[in-house]
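Visitor: Could you walk me through how the labels on this model are assigned? I like to see the cut-offs.
Guide: Gladly; here it is.

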Amino acid sequence: NIWVVPTQALAERWFNPDKDAETFAKEPEMIYMKEETLKNWITNKKNLMANPNYKSEEIKKFVAIRRKLIYECQRNGVGLLLGSDGPQVFNVPGFSVHHELKYMVDAGLTPFQALQSGTVNVAKYFNLTNSGMIKTGYVSDMVLLDANPLENIENTKKIAGVMLGNNWLAKEVIKTDLKFLEKPRSF
C-alpha cells in the first residue's frame, strides 16, 4: 500500500541543465502565468544554475537516478500517481501533467502505464469503485484525444474535448476559455 507521486517535472524543468530559463519561458503555456511569477521562475533557475555548488553533471546523475526510481517503483508494484507540483518552476497547472506523463515514459514506463497513473491508479488509491475507467455506470469525466497516446504519449496534448459529467467542452470552447486566462507580457 505504498503510493508515490514522482513529480519528475520539477527535476526535469527546474534542476536539469539541459534547457535554460529563457527556453522554458518561451514555451506556449507560459502565457497563462502572471509575468511576476514567470520572472521569478526565470530568476530561480538562473540563480540555481549560477550557484557555485551547482554541478551540471551531478544534477544530470540526480535526474537519471530519479528516472530509475520511477521505473523501479513501477516494476516492483509500487503504485504511481500522476502529479506535477504545478504551479512550480516552469510547471503550469494542467500543461505540466503532459510533461509529467512524458517524463514517466522517459523513465521507462509504457505510455499505458503512465496513463494509468492518472486514471485507474487514482481511483484505486481513493477506493473509488465507479471511476478511473470508461465503463457503463462510471463517472463520465474524461479527455477525448485526436491521436492515440499509446503510440506517442505526447498525443495527450491533442485534445478534441473534455467530458465533465454530462457537459461536453469541445476544443474550440476550451481555446476560447483559455484565451481569457492569458496574461500580458512586457518582455
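Guide: A patch is made of residues with over 30% relative accessible area and no salt bridge, where like charges are joined within 9 Å and nonpolar side chains (Val, Leu, Ile, Met, Phe, Trp, Tyr) within 5 Å. Accessible areas come from the Shrake-Rupley method with a 1.4 Å probe, and for residues only the protein chains shown count as cover. Ile134, Met142, Leu144 and Trp168 form such a nonpolar surface patch, together offering about 420 Å² of accessible area. This is a predicted model: local features need pLDDT of at least 70, side-chain atom pairs count only at pLDDT 80 or more, and totals for chains, interfaces and linings use all residues. Residues are numbered from 1 along each chain as its sequence is written, and side-chain values use heavy atoms, leaving out hydrogens and water.

Visitor: Why is tryptophan 168 called partly exposed?
Guide: Buried means under 20% relative accessible area, exposed over 50%, and partly exposed in between (1.4 Å probe, protein chains only). Tryptophan 168 has 42% relative accessibility, so it counts as partly exposed.

Visitor: What makes glutamate 12 and arginine 67 a salt bridge?
Guide: The term asks for a side-chain nitrogen of Lys or Arg within 4 Å of a carboxyl oxygen of Asp or Glu. Here the closest N and O atoms are 2.8 Å apart, so the pair qualifies.

Visitor: And why is glutamate 12 called buried?
Guide: Because its relative accessible area is 6%, under the 20% limit. Arginine 67, at 28%, is therefore partly exposed.
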